[in-house]
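Here is a short report on one protein chain. It covers the sheet, the helices, a few chosen residues and the largest pocket.

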Amino acid sequence: MNSTTLDFPRNARRTYTCVKHVFLSRTRFCNVRYNDVHFTVEARRGLFLSPLSESVKIKVVATGVEQCKVTIESSSRSVLNLFNFGVNKKNVTNLSDLIQNEVWKMMQ
């Protein structure tokens with residue numbers, strides 16, 4: 001399991017809308033579930049027994065009126081992940097870069 005936290009000087013609802021837009025238009029995740037009340041996104045990629053399958057959870061939390069934190073967690077869904085060293089870290093890094101770029105682009 002790997003995770004990272006991003007800080008944004010923006011409203012939590014607007015940031016969550018940007019994160020949701022990223023998953024709707026720019027990623028290859030399937031079975032994406034959105035919770036608009038708690039500002040969470042859960043998605044998965046790959047078949048269950050595939051060593052490359054993963055589950056991603058993203059949560060947007062307001063830390064102030066115009067401040068929020070985005071937490072990205074990635075974990076393997078398969079027991080066969082013994083040969084998959086470092087892939088979750090790379091996926092979290094790529095996803096965080098994509099979210100940062102999209103949030104800053106949509107907020108401008």
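Is Phe-39 buried or exposed? Phe-39 is buried, with a relative accessible area of 14%. That value falls below the 20% cut-off, so Phe-39 counts as buried. The model is a predicted one, and the values below are computed from it.

**The turn at Phe-39**

Phe-39 sits in the loop between S2 and S3. Its phi is positive, about 55°, although Phe-39 is not a glycine. Most residues other than glycine have a negative phi. The loop belongs to a hairpin: S2 and S3 form it, with four residues between them. The two strands pair in the antiparallel sense over four bridges. Within that pairing, Cys-30 stands opposite Arg-44 in S3.

**Overall layout**

The chain holds two helices and five strands. From the N terminus on, the order is β-α-β-β-β-β-α. Of the 108 residues in the chain, 35% are buried. Take the contacts with a separation of 6 or more: residues 24 or more positions apart account for 55% of them.

**The sheet**

In what order do the five strands lie in the sheet? The order is S1-S5-S4-S3-S2. The sheet is open, and its pairing is antiparallel. Strand S1 (2-8) and strand S2 (30-35) stand at the edges. Each has a single partner strand, so one side of each is left without a neighbour in the sheet. From one strand to the next, the twist averages 10°.

Follow the pairings. S1 and strand S5 (residues 68-76) run antiparallel, joined by seven bridges. Thr-4 stands opposite Ile-72 in S5. S3 and S4 also pair in the antiparallel sense, over six bridges. There, Val-41 stands opposite Ile-58 in S4.

Helix H1 (residues 12-25) packs on this sheet. H1 touches S1, S2, strand S3 (40-45), strand S4 (54-62) and S5. The direction of H1 makes about 160° with that of S4.

**Selected residues**

The table lists four residues with their places and relative accessible areas.

| Residue | Place | Relative accessible area | Class |
|---|---|---|---|
| Thr-15 | helix H1 | 0% | buried |
| His-21 | helix H1 | 33% | partly exposed |
| Phe-39 | loop between S2 and S3 | 14% | buried |
| Thr-40 | strand S3 | 17% | buried |

Start with Thr-15. What does Thr-15 touch, not counting residues up to four places away in sequence? The partners are Phe-8, Arg-10, Val-60, Cys-68, Val-70, Val-103 and Met-107. Val-103 is 88 residues from Thr-15 along the chain. Their C-alpha atoms are separated by 6.4 Å.

His-21 lies in H1 as well. It is partly exposed, at 33%. Leaving out residues up to four places away in sequence, His-21 touches Arg-26, Glu-102 and Met-106. Glu-102 is 81 residues from His-21 in sequence. In space, C-alpha to C-alpha, the two are 8.5 Å apart.

Now Thr-40, in strand S3. It is buried, with a relative accessible area of 17%. Neighbours within four places in sequence are again set aside. Thr-40 is then in contact with Tyr-16, Arg-33, Tyr-34, Asn-35, Ile-58 and Lys-59. One of these, Ile-58, is the residue that stands opposite Val-41.

**The largest pocket**

Rolling a probe the size of a water molecule over the atoms shows where empty space is left. How much space lies in the largest pocket? The figure is about 210 Å³. Its lining consists of 13 residues. Thr-27, Phe-29, Arg-45, Asn-91 and Asn-94 lie nearest the centre.

Which elements give two or more residues to the lining of the largest pocket? They are S4, S5 and helix H2 (87-107). H2 gives the most, with four residues. By class, the lining has five nonpolar, four polar and four charged residues.

Notes
Residues numbered from 1 in each chain as written. Predicted model: local features only at pLDDT ≥ 70, side-chain atom pairs only at ≥ 80, totals over all residues. Heavy atoms only, no water. Pairing = 2+ DSSP bridges. Axes fitted to C-alpha atoms, helices over the stretch in contact; angles between N-to-C directions. Contact = heavy atoms within 4.5 Å. Buried < 20%, exposed > 50% of the residue type's maximum accessible area, 1.4 Å probe, protein only. 1 Å grid on protein atoms, 1.4 Å probe; cavity = no way out; pocket = protein on both sides within 12 Å on 5 of 7 lines; lining within 4 Å. Points joined across faces, edges and corners; volume = space filled by probe spheres on them. Nonpolar A, V, L, I, M, F, W, Y, C, P; charged D, E, K, R; others polar.
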